[in-house]
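Reader: I would like a close look at a single part of this protein, the second largest pocket. Which residues and elements form its lining, and how does the lining divide by residue type?

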Amino acid sequence: MKIFSGIQPTGAKHLGNYSGGFRQYAATQDQGTAFFCIVDLHSITVAHDPEDLRERTLDLAALMFATGLDPERSTVFVQSHVTAHAEAAWLLGCVASYGELQRMTQFKDKAGKQTSVSAGLFIYPVLMVGDILLYQTDIVPIGDDQRQHLELTRDVAERFNSRFGETFTVPKGVYPEAGARIMDLQQPENKMSTTGGNPQGTIYLLDPPEVVRKKLKTAVTDSGREIVHDSNEKAGISNLIEVMTVATGETIAEVEKRYVGAGYGQFKSDVGDALVELLEPIQARFRALRDDSAELERMLAIGAAKAREVSAPTLEKMYDRMGFTRPKGV
Ligand code: TYM
(Lines give C-alpha, C1' and ligand atoms only; values in the text may rest on other atoms or scores of the structure.)
Protein backbone atom coordinates (compact mmCIF):
# COMPACT_ATOMS: atom_id res chain seq x y z
CA MET A 1 0.00 0.00 0.00
CA LYS A 2 1.24 3.48 -0.92
CA ILE A 3 0.41 6.47 1.25
CA PHE A 4 0.92 10.08 0.16
CA SER A 5 0.03 13.44 1.63
CA GLY A 6 1.21 17.02 1.37
CA ILE A 7 1.18 20.11 3.54
CA GLN A 8 2.08 23.74 2.80
CA PRO A 9 5.10 25.22 4.56
CA THR A 10 3.85 28.81 4.83
CA GLY A 11 1.62 30.02 7.65
CA ALA A 12 1.71 28.88 11.28
CA LYS A 13 0.46 25.32 11.59
CA HIS A 14 -2.65 24.89 13.72
CA LEU A 15 -4.76 22.27 15.42
CA GLY A 16 -6.79 21.68 12.22
CA ASN A 17 -3.57 20.74 10.43
CA TYR A 18 -2.73 18.42 13.30
CA SER A 19 -6.13 16.74 13.20
CA GLY A 20 -6.53 16.28 9.44
CA GLY A 21 -2.79 16.18 8.70
CA PHE A 22 0.05 15.41 11.11
CA ARG A 23 -1.66 12.88 13.37
CA GLN A 24 -3.03 10.99 10.38
CA TYR A 25 0.42 10.94 8.76
CA ALA A 26 1.93 9.35 11.86
CA ALA A 27 -0.95 6.87 12.09
CA THR A 28 -0.86 5.78 8.43
CA GLN A 29 2.92 5.48 8.04
CA ASP A 30 2.76 1.93 9.41
CA GLN A 31 0.30 0.77 6.76
CA GLY A 32 2.71 0.65 3.84
CA THR A 33 5.19 2.80 1.94
CA ALA A 34 4.57 6.39 2.99
CA PHE A 35 5.52 9.71 1.37
CA PHE A 36 4.92 13.06 3.07
CA CYS A 37 5.65 16.15 1.05
CA ILE A 38 6.33 19.74 2.08
CA VAL A 39 4.54 21.42 -0.81
CA ASP A 40 6.59 24.58 -1.27
CA LEU A 41 5.47 25.01 -4.89
CA HIS A 42 1.90 25.31 -3.61
CA SER A 43 2.96 28.05 -1.18
CA ILE A 44 3.91 30.52 -3.91
CA THR A 45 0.39 30.60 -5.38
CA VAL A 46 -0.35 33.54 -3.06
CA ALA A 47 1.99 36.45 -2.27
CA HIS A 48 4.90 35.20 -0.15
CA ASP A 49 8.16 36.36 1.36
CA PRO A 50 11.16 34.35 0.00
CA GLU A 51 13.12 34.39 3.27
CA ASP A 52 10.04 33.28 5.17
CA LEU A 53 9.47 30.40 2.76
CA ARG A 54 12.99 29.07 3.42
CA GLU A 55 12.61 29.25 7.21
CA ARG A 56 9.10 27.79 7.19
CA THR A 57 10.19 24.85 5.08
CA LEU A 58 12.62 23.76 7.80
CA ASP A 59 10.09 24.58 10.55
CA LEU A 60 7.59 22.28 8.88
CA ALA A 61 10.12 19.48 8.47
CA ALA A 62 10.89 19.70 12.21
CA LEU A 63 7.17 19.68 13.02
CA MET A 64 6.54 16.63 10.87
CA PHE A 65 9.15 14.63 12.77
CA ALA A 66 8.08 16.14 16.11
CA THR A 67 4.49 14.94 15.58
CA GLY A 68 5.56 11.37 15.00
CA LEU A 69 6.91 10.78 11.50
CA ASP A 70 9.75 8.31 11.63
CA PRO A 71 12.44 8.99 9.00
CA GLU A 72 13.22 5.25 8.95
CA ARG A 73 9.70 4.41 7.88
CA SER A 74 8.45 7.49 6.00
CA THR A 75 9.88 9.46 3.13
CA VAL A 76 9.67 13.15 4.06
CA PHE A 77 10.73 15.52 1.29
CA VAL A 78 10.32 18.96 -0.25
CA GLN A 79 8.23 19.17 -3.42
CA SER A 80 10.59 21.48 -5.34
CA HIS A 81 13.49 19.06 -4.76
CA VAL A 82 11.76 16.56 -7.04
CA THR A 83 11.25 18.18 -10.44
CA ALA A 84 8.80 15.46 -11.52
CA HIS A 85 6.08 17.36 -9.59
CA ALA A 86 6.30 20.47 -11.77
CA GLU A 87 6.50 18.35 -14.92
CA ALA A 88 3.52 16.21 -13.97
CA ALA A 89 1.50 19.35 -13.25
CA TRP A 90 2.00 20.58 -16.82
CA LEU A 91 1.05 17.25 -18.38
CA LEU A 92 -2.02 16.84 -16.16
CA GLY A 93 -3.03 20.47 -16.65
CA CYS A 94 -3.75 19.45 -20.21
CA VAL A 95 -6.02 16.63 -19.03
CA ALA A 96 -7.97 18.50 -16.33
CA SER A 97 -10.55 20.92 -17.73
CA TYR A 98 -10.92 24.64 -17.20
CA GLY A 99 -14.52 24.07 -16.09
CA GLU A 100 -13.62 21.64 -13.32
CA LEU A 101 -10.93 23.95 -11.97
CA GLN A 102 -13.43 26.81 -11.96
CA ARG A 103 -15.69 24.77 -9.68
CA MET A 104 -13.03 24.35 -6.95
CA THR A 105 -14.46 26.02 -3.86
CA GLN A 106 -11.02 26.63 -2.31
CA PHE A 107 -10.01 28.58 -5.39
CA LYS A 108 -13.19 30.63 -5.23
CA ASP A 109 -12.71 31.34 -1.50
CA LYS A 110 -9.05 32.25 -1.79
CA ALA A 111 -9.46 34.24 -5.02
CA GLY A 112 -12.27 36.23 -3.39
CA LYS A 113 -9.84 37.43 -0.72
CA GLN A 114 -7.06 38.66 -3.06
CA THR A 115 -6.83 41.79 -5.12
CA SER A 116 -4.55 40.08 -7.63
CA VAL A 117 -5.15 36.39 -8.29
CA SER A 118 -2.21 34.44 -9.75
CA ALA A 119 -2.70 31.94 -12.56
CA GLY A 120 -0.88 29.52 -10.25
CA LEU A 121 -3.71 29.72 -7.71
CA PHE A 122 -6.10 28.59 -10.43
CA ILE A 123 -4.03 25.58 -11.52
CA TYR A 124 -2.95 24.69 -7.97
CA PRO A 125 -5.28 21.65 -7.77
CA VAL A 126 -3.55 20.13 -10.82
CA LEU A 127 -0.19 20.33 -9.03
CA MET A 128 -1.80 18.43 -6.16
CA VAL A 129 -3.24 15.84 -8.56
CA GLY A 130 0.27 15.21 -9.89
CA ASP A 131 1.76 14.99 -6.38
CA ILE A 132 -0.58 12.15 -5.56
CA LEU A 133 -0.58 10.26 -8.87
CA LEU A 134 3.22 10.24 -9.30
CA TYR A 135 3.51 7.80 -6.38
CA GLN A 136 0.77 5.36 -7.50
CA THR A 137 -0.90 6.31 -4.24
CA ASP A 138 -3.61 4.13 -2.69
CA ILE A 139 -4.57 6.36 0.23
CA VAL A 140 -4.32 10.07 0.96
CA PRO A 141 -4.76 11.11 4.62
CA ILE A 142 -6.31 14.61 4.60
CA GLY A 143 -8.89 16.84 6.25
CA ASP A 144 -12.36 17.47 4.88
CA ASP A 145 -11.36 20.75 3.16
CA GLN A 146 -9.26 18.75 0.65
CA ARG A 147 -12.12 16.41 -0.31
CA GLN A 148 -12.96 18.22 -3.55
CA HIS A 149 -9.29 18.21 -4.63
CA LEU A 150 -9.13 14.49 -3.98
CA GLU A 151 -12.26 13.89 -6.07
CA LEU A 152 -10.64 15.89 -8.88
CA THR A 153 -7.54 13.67 -8.54
CA ARG A 154 -9.67 10.57 -8.98
CA ASP A 155 -11.47 12.05 -12.00
CA VAL A 156 -8.25 13.11 -13.71
CA ALA A 157 -6.62 9.71 -13.01
CA GLU A 158 -9.58 7.87 -14.53
CA ARG A 159 -9.69 10.19 -17.55
CA PHE A 160 -5.95 9.76 -18.19
CA ASN A 161 -6.21 5.98 -17.81
CA SER A 162 -9.10 5.73 -20.25
CA ARG A 163 -7.59 8.13 -22.79
CA PHE A 164 -3.96 6.93 -22.74
CA GLY A 165 -4.11 3.46 -21.16
CA GLU A 166 -3.79 2.26 -17.55
CA THR A 167 -1.16 4.48 -15.93
CA PHE A 168 -2.32 5.54 -12.48
CA THR A 169 -3.71 3.96 -9.34
CA VAL A 170 -6.96 5.77 -8.48
CA PRO A 171 -6.45 6.96 -4.87
CA LYS A 172 -8.87 7.11 -1.94
CA GLY A 173 -9.03 9.88 0.65
CA VAL A 174 -8.75 8.98 4.34
CA TYR A 175 -10.48 11.40 6.74
CA PRO A 176 -10.53 11.35 10.54
CA GLU A 177 -13.79 10.08 12.04
CA ALA A 178 -13.92 13.08 14.37
CA GLY A 179 -11.94 16.25 13.71
CA ALA A 180 -12.01 16.13 9.89
CA ARG A 181 -12.96 19.83 10.01
CA ILE A 182 -11.84 21.63 13.14
CA MET A 183 -13.64 24.96 13.41
CA ASP A 184 -12.47 28.38 14.59
CA LEU A 185 -13.01 28.70 18.37
CA GLN A 186 -14.36 32.24 18.00
CA GLN A 187 -16.41 31.65 14.84
CA PRO A 188 -17.43 27.99 14.91
CA GLU A 189 -19.20 28.38 11.56
CA ASN A 190 -15.78 28.84 9.88
CA LYS A 191 -13.02 26.25 9.70
CA MET A 192 -9.82 26.86 11.63
CA SER A 193 -7.44 28.13 8.96
CA THR A 194 -4.05 29.70 8.36
CA THR A 195 -5.35 32.44 6.11
CA GLY A 196 -8.94 33.41 6.80
CA GLY A 197 -9.01 32.57 10.52
CA ASN A 198 -9.21 34.67 13.64
CA PRO A 199 -5.91 34.29 15.59
CA GLN A 200 -7.82 34.24 18.90
CA GLY A 201 -9.91 31.34 17.61
CA THR A 202 -6.96 29.42 16.18
CA ILE A 203 -4.80 27.10 18.29
CA TYR A 204 -1.32 27.19 16.80
CA LEU A 205 0.76 24.11 17.49
CA LEU A 206 3.54 26.28 18.88
CA ASP A 207 1.29 28.41 21.13
CA PRO A 208 2.61 28.52 24.72
CA PRO A 209 0.45 26.70 27.33
CA GLU A 210 -1.03 29.86 28.86
CA VAL A 211 -2.11 31.08 25.41
CA VAL A 212 -3.76 27.73 24.63
CA ARG A 213 -5.63 27.78 27.95
CA LYS A 214 -6.78 31.35 27.41
CA LYS A 215 -8.04 30.67 23.89
CA LEU A 216 -10.05 27.74 25.25
CA LYS A 217 -11.50 29.76 28.13
CA THR A 218 -12.73 32.44 25.74
CA ALA A 219 -14.02 29.99 23.11
CA VAL A 220 -17.55 30.74 21.92
CA THR A 221 -20.16 28.27 23.15
CA ASP A 222 -23.87 27.98 22.55
CA SER A 223 -27.02 28.49 24.52
CA GLY A 224 -28.08 25.52 26.68
CA ARG A 225 -25.74 23.69 28.99
CA GLU A 226 -25.48 20.07 27.86
CA ILE A 227 -22.18 18.82 26.51
CA VAL A 228 -23.55 16.91 23.53
CA HIS A 229 -22.49 16.79 19.90
CA ASP A 230 -24.94 18.44 17.51
CA SER A 231 -23.18 20.39 14.75
CA ASN A 232 -26.36 22.17 13.61
CA GLU A 233 -27.69 23.35 16.95
CA LYS A 234 -24.48 23.48 19.01
CA ALA A 235 -21.62 24.30 16.66
CA GLY A 236 -19.29 25.65 19.38
CA ILE A 237 -19.63 22.78 21.86
CA SER A 238 -19.58 20.16 19.10
CA ASN A 239 -16.30 21.57 17.88
CA LEU A 240 -14.82 21.52 21.40
CA ILE A 241 -15.91 17.90 21.81
CA GLU A 242 -14.05 17.07 18.60
CA VAL A 243 -11.02 19.01 19.80
CA MET A 244 -11.09 16.90 22.97
CA THR A 245 -11.16 13.69 20.90
CA VAL A 246 -8.11 14.93 18.98
CA ALA A 247 -6.26 15.66 22.24
CA THR A 248 -7.08 12.44 24.07
CA GLY A 249 -7.90 9.86 21.38
CA GLU A 250 -11.37 9.29 22.85
CA THR A 251 -14.52 8.96 20.71
CA ILE A 252 -17.23 11.63 20.69
CA ALA A 253 -19.51 9.32 22.72
CA GLU A 254 -16.80 8.78 25.34
CA VAL A 255 -16.29 12.52 25.78
CA GLU A 256 -20.05 13.13 26.05
CA LYS A 257 -20.34 10.40 28.67
CA ARG A 258 -17.49 11.79 30.74
CA TYR A 259 -19.15 15.21 30.89
CA VAL A 260 -22.78 14.34 31.64
CA GLY A 261 -23.99 16.98 34.09
CA ALA A 262 -20.80 19.09 33.90
CA GLY A 263 -20.86 22.79 32.95
CA TYR A 264 -19.34 24.51 29.92
CA GLY A 265 -16.73 26.33 32.05
CA GLN A 266 -15.27 23.12 33.48
CA PHE A 267 -15.33 21.45 30.07
CA LYS A 268 -13.54 24.30 28.32
CA SER A 269 -10.87 24.39 30.99
CA ASP A 270 -10.36 20.59 30.69
CA VAL A 271 -10.05 20.81 26.89
CA GLY A 272 -7.36 23.46 27.42
CA ASP A 273 -5.45 21.17 29.80
CA ALA A 274 -5.76 18.20 27.45
CA LEU A 275 -4.39 20.28 24.57
CA VAL A 276 -1.46 21.50 26.62
CA GLU A 277 -0.68 17.89 27.47
CA LEU A 278 -0.76 17.00 23.77
CA LEU A 279 1.27 19.99 22.59
CA GLU A 280 4.02 20.34 25.19
CA PRO A 281 5.99 17.22 24.18
CA ILE A 282 5.53 18.08 20.48
CA GLN A 283 6.92 21.56 21.13
CA ALA A 284 9.92 20.19 23.03
CA ARG A 285 10.75 17.77 20.20
CA PHE A 286 10.21 20.54 17.65
CA ARG A 287 12.72 22.84 19.39
CA ALA A 288 15.37 20.12 19.59
CA LEU A 289 14.98 19.19 15.91
CA ARG A 290 14.78 22.78 14.69
CA ASP A 291 18.05 23.63 16.44
CA ASP A 292 19.92 21.43 13.99
CA SER A 293 19.12 22.80 10.52
CA ALA A 294 21.98 20.87 8.92
CA GLU A 295 20.54 17.57 10.14
CA LEU A 296 17.06 18.50 8.89
CA GLU A 297 18.50 19.38 5.49
CA ARG A 298 20.32 16.07 5.39
CA MET A 299 17.12 14.16 6.19
CA LEU A 300 15.23 16.08 3.48
CA ALA A 301 17.97 15.33 0.94
CA ILE A 302 17.63 11.60 1.67
CA GLY A 303 13.85 11.93 1.31
CA ALA A 304 14.18 13.73 -2.03
CA ALA A 305 16.49 11.05 -3.43
CA LYS A 306 13.98 8.34 -2.54
CA ALA A 307 11.03 10.37 -3.89
CA ARG A 308 12.89 10.99 -7.19
CA GLU A 309 13.57 7.30 -7.59
CA VAL A 310 9.98 6.27 -6.89
CA SER A 311 8.26 8.97 -8.98
CA ALA A 312 10.54 8.76 -12.05
CA PRO A 313 9.04 5.61 -13.63
CA THR A 314 5.50 7.03 -13.43
CA LEU A 315 6.59 10.31 -15.03
CA GLU A 316 8.33 8.37 -17.82
CA LYS A 317 5.19 6.33 -18.35
CA MET A 318 3.13 9.53 -18.60
CA TYR A 319 5.43 10.99 -21.25
CA ASP A 320 5.47 7.71 -23.11
CA ARG A 321 1.69 7.17 -23.05
CA MET A 322 1.09 10.75 -24.17
CA GLY A 323 3.32 10.21 -27.21
CA PHE A 324 6.45 12.20 -26.36
CA THR A 325 9.83 11.25 -27.78
CA ARG A 326 12.44 10.91 -25.03
CA PRO A 327 16.15 11.71 -25.22
CA LYS A 328 18.18 8.56 -25.88
CA GLY A 329 21.68 8.03 -24.43
CA VAL A 330 24.48 9.53 -26.63
P1 TYM B 1 -2.86 22.50 3.86
O2 TYM B 1 -1.40 22.77 3.94
O3 TYM B 1 -3.79 23.67 3.82
O4 TYM B 1 -3.30 21.60 5.08
C5 TYM B 1 -2.59 20.44 5.49
C6 TYM B 1 -3.57 19.41 6.04
O7 TYM B 1 -4.33 19.96 7.11
C8 TYM B 1 -5.72 19.71 6.89
N9 TYM B 1 -6.52 20.77 7.50
C10 TYM B 1 -7.54 20.55 8.36
N11 TYM B 1 -8.04 19.41 8.88
C12 TYM B 1 -9.05 19.54 9.77
N13 TYM B 1 -9.58 20.73 10.16
C14 TYM B 1 -9.11 21.90 9.65
N15 TYM B 1 -9.61 23.06 10.04
C16 TYM B 1 -8.03 21.83 8.70
N17 TYM B 1 -7.32 22.78 8.04
C18 TYM B 1 -6.40 22.11 7.31
C19 TYM B 1 -5.85 19.68 5.38
O20 TYM B 1 -7.01 19.02 4.97
C21 TYM B 1 -4.59 18.97 4.96
O22 TYM B 1 -4.76 17.59 5.03
N23 TYM B 1 -3.59 21.36 -0.95
C24 TYM B 1 -3.10 20.85 0.31
C25 TYM B 1 -1.68 20.40 0.28
C26 TYM B 1 -1.35 19.36 -0.74
C27 TYM B 1 -1.70 17.98 -0.67
C28 TYM B 1 -1.11 17.40 -1.81
C29 TYM B 1 -2.43 17.21 0.24
C30 TYM B 1 -0.63 19.55 -1.88
N31 TYM B 1 -0.47 18.37 -2.53
C32 TYM B 1 -1.26 16.03 -2.07
C33 TYM B 1 -2.55 15.85 -0.02
C34 TYM B 1 -1.98 15.27 -1.16
C35 TYM B 1 -3.17 21.97 1.35
O36 TYM B 1 -3.09 23.14 1.02
O37 TYM B 1 -3.17 21.54 2.65
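Author: The pocket is described below, followed by the protein that holds it. This is a predicted model, in which local features need pLDDT of at least 70 and side-chain atom pairs count only at pLDDT 80 or more, while totals for chains, interfaces and linings use all residues. Residues are numbered from 1 along each chain as its sequence is written, and side-chain values use heavy atoms, with hydrogens and water left out.

A pocket is, on a 1 Å grid over the protein atoms alone, an open set of points where a 1.4 Å probe fits, with protein on both sides within 12 Å along at least five of seven lines; lining residues have an atom within 4 Å of a point. The second largest pocket holds about 300 Å³ of space, a volume filled by probe spheres set on the points. Its lining has 13 residues, of which Ala89, Gly120, Ile123, Tyr124 and Leu127 are the closest to the centre. Two or more lining residues come from each of α4 (84-93) and α7 (119-133); helices are DSSP runs of H or I with at least four residues, and strands are runs of E with at least two. The largest share, five residues, belongs to α7. By type, the lining comprises 10 nonpolar residues, three polar and no charged; Ala, Val, Leu, Ile, Met, Phe, Trp, Tyr, Cys and Pro count as nonpolar, Asp, Glu, Lys and Arg as charged, and the others as polar.

The protein as a whole has 13 helices and five strands. Its C-alpha atoms fill a box of roughly 75 × 45 × 40 Å along the principal axes.
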